[in-house]
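Colleague: Before the assignments are accepted, I should like to hear the reasoning behind them. Please set each value against its criterion.

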Amino acid sequence: MTKDWLTIKNAPWALGLLLFVSFFLFQASGLPDRIEHWLYDKTITTWPAPTSDQVAVIAIDEYSLSQLGRWPWPRKLHAQLIDQLYEAGAETVVFDLLFPEPHADDTVLAAAMNRHGQVVLPIFLSARPPHQLIQEQLPTPQLAAAASTLGHVHVELDNDSVARGIYLRNGMANRLWPTLALAQQSHHQPLPAPDMPAYLNVRADYRKVPLAGAAGTIPSTSYAAVLEGTYSDDLFAGKTVFVGVTAAGFGDILPTPFSGFGLPMPGVEFHANVFSAHQQDLLISEAPEWASLSLSILVLIILAVLLPRLTPSYTLLACIAMFSMVVAGYLLLIFHLRIQLPVINTLMLSLFAIPVAVGFRLAMTNRFLNQQLDDMASTPSLSLPQPAKRQPAQLLEHFQALLEPEGWLLSENGELLQIHGMTVAQSPYLPEAGRWVHQLNQSWIKLERGSSTYVLGLTLNNDLSREVTQQYLRRLVLEPDTAAGLSHYSVQAFSPRLEKVQLANKRLSQMQSFIQHSFEHMPDGIIVTDELAVVRFANRHIEDWFREPMPSLSGMPLTKLLQGHDPRDNPPWHEIVSETLTLSESRTVNLKVHGRDFILHLAPVTLPGDGQSGIIANLSDISELREQQRQHRQVIDFISHDVRSPLVSQLALIEQLKRDPSNINEYQIEQLGKLARRSYSLAEEFVNLARAEQLSETRFYECELLAIVENARDSVCEQAQEKSIRLQLNDTEDLWLKGNAELLERAVINLLTNAIQYSPPHTTINIQVYQAGHIAGLAIADEGTGIDENELPYLFDRYHRPRNSELAGNHGTGLGLAFVKTVVEKHKGEIFVDSMPGEGTTFTLKLPIADPMG
């Protein structure tokens, strides 16, 4: 325990050391500079700087070259440009053009520069070959004297060759020149240089330039257009005008964060951006190196002290919060204080801290886990023996007991071990071990056990279950999984501890899965309570049957659950439940929940280990059994009364005719036939209903509803003519269904027969066939006596006969409408009835139309 405490106590130091090593390795990789450039570029391109209204650009572009001729141009053109800008009111003219060589027009150009008074010329530092020292390239003396000031044009490229900033002072060691964009503000004199050798190139005051955008963001005017005078009067008034080349081929281009190497920016536009940013006080200074290092050390200390005290989820949140604060501070410094502080090292520390802290916490908890591993690994295994590990002879024995095949065969390396009703010649080619090959009712498989190869064959019963049995055989895994074995050995070779974890986890998972799967897939509902009869576990059947969500069931007293769904007073539920616990005796009671019948078995149980007692309640759904019992009683009543009655009457009449055969008259023969037809009708209705109940989709086929209705109408025409009833069929078009035409026709006949039976003579029965979307409809409307409202809920029940029809002498079987409803439901349809006493009845059938793509 002391060792563990020391580990926790030293956690900040250990975590800090790991973070410092990660920081050092990351710094040595060279990645920070590249990522720092990316972060800066992303920042200034997402929020570009605004453009100052005090800057303008005159571009020596392709149009100017086409109008003024090839470069270089006579310097008198530049003098003309300066004069026009002077007249336009330009405050300062900055040339990004070198004039190092004397020219005949220098006098003209110098005069124009003197007239304007605010013209800035560039200087350039270069090494003349071969192996010459860096020298200043100044304008000609005459032009330099006429210029208001001079400025350097050097733009600093970062180590990725992208221009992001500029040195405000640059030159030889004896004097430093201001940058061209800001030269006019240097009071016409070069700035003093440090005391060092005169041949050195010295740079000072580096600033990052937040650009206004990609090339072309600052509006420019063509050089030729200015000379032509085609510009607005106020275009250059009071502005600093930059003059330089933008035409392709001059090479004066710079990759920027906005464009990279794809669309570089002309140098003159970059200097214009420098001036624009300076005018708005937007130039960015770089923070000293110690500031970035100090920030990284501070964050490292905070994380090292804080993270060991946090949970993994809070560790992630803390690191994300630290990361977000550093990014927010970075943006705040850039946009408000105009300082760029390198923060990539600090940001990476925040990210590295997540896996390092989690790994360190895992290392600290590893000792505790190791102490528990041995106990976990000793947990008893709970799994079913795999068929793949059984010997072929044992498999054959189990197949014989399970499937009772007509024949079988088992051979080892070609030698017969067992054979009955099969021959070796019947064996097909078996290319793969563990894979069944089926030939009609014979199934064959090859098995490999060690160095032996077995062939097992079965001759299955050639009935409807054969295909299902063969599908079951395909699902069986009878060959060991070699991949699982390889995985086991690789874990064992990696770490014995991992093997123990794997074994313990496998056993616990098997036990948990077995228990959970067993409870959830039992056909009965299961409730487990504690010693106060409070529900602690219930499977999905309880949730479904009681319509109580699982969170509500857990923690609910069992008596409250039972009393709420099936209240009873004799005996009360609390007495039944309490006696189960106090007397430790089982109880079995009937229960009714939401219209379903159940048998509830309550059994006391004592939990192992802590000795707590409780109840296991088993709930069996017997609704189907009760319904079968009810139907069985109805069938017995039906046979004993409805079927037996006409048969008894027939026998009595036959006995009467036998006693006096000479007095047989037509009425007696008609009465005997009527009784026989009633007996036949009862038997037919009973058989039809049984056929409808056994109907399945395997007996469905394409059939046409209108043809079915027409056949049914033709079948009852004679009955309708006897009562002078008109059958009016209103059809639209053929409607194809997927169903059983024979039973559908029988159902329509039943509805038409009822309509004729309950309609007065000289009336009309309207039959309407129609389509509504994907539904085929059939409506049969009569003008009969109608059905009483109290009879409608029971109209489709078996053996139910309306009271008024019985009193009127219309004795039906009570099976006709039950048959119709059963047929419609088997076809996934619906049936509706609309009736008003004295006005007639309408039966409506709705059936799904067959899918044309099916």
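Modeller: This is a predicted model. In helix H9, the buried residues are Gly267, Val268, Glu269, Phe270, His271, Ala272, Asn273, Val274, Phe275, Ser276 and Ala277.

Colleague: What makes H9 largely enclosed by the rest of the structure?

Modeller: A residue counts as buried under 20% relative accessible area. Eleven of the 13 residues of H9 are buried, and therefore the helix is largely enclosed.

Colleague: How do you know what span is expected for H9, and what does the model give?

Modeller: The expected span is 1.5 Å times one less than the number of residues. For H9, residues 267-279, that is 18 Å, and the distance from first to last C-alpha is 19 Å, close to expectation. Just after H9, aspartate 281 has a positive phi of about 55 degrees.

Colleague: Why are tryptophan 47 and phenylalanine 335 called an edge-to-face aromatic pair?

Modeller: Nine aromatic pairs are counted in total. In this one the centres are 5.6 Å apart and the planes make 80 degrees. Pairing requires centres within 6.5 Å, and edge-to-face requires over 60 degrees, so both conditions are met. The pair links distant parts of the chain, 288 residues apart: tryptophan 47 lies in the loop between helix H3 and strand E1, phenylalanine 335 in helix H11.

Colleague: Why is tryptophan 47 called partly exposed?

Modeller: Its relative accessible area is 47%, and the partly exposed class runs between 20% and 50%. Phenylalanine 335, at 29%, is therefore partly exposed as well.

Colleague: What makes lysine 208 sit over the ring of tyrosine 40?

Modeller: The charged end of lysine 208 is 4.4 Å from the ring centre, where the distance limit is within 6 Å.

Terms used: Residues are numbered from 1 along each chain as its sequence is written. This is a predicted model: local features need pLDDT of at least 70, side-chain atom pairs count only at pLDDT 80 or more; totals for chains, interfaces and linings use all residues. Side-chain values use heavy atoms; hydrogens and water are left out. Helices (H or I, at least four residues) and strands (E, at least two) are DSSP runs, numbered from the N terminus. Buried means under 20% relative accessible area, exposed over 50%, partly exposed in between (1.4 Å probe, protein chains only). Rings of Phe, Tyr and Trp (its six-membered ring) pair if their centres lie within 6.5 Å; planes under 30 degrees apart count as stacked, over 60 as edge-to-face and the rest as tilted. A charge sits over a ring if NZ of Lys or CZ of Arg is within 6 Å of the ring centre and within 35 degrees of the ring normal.
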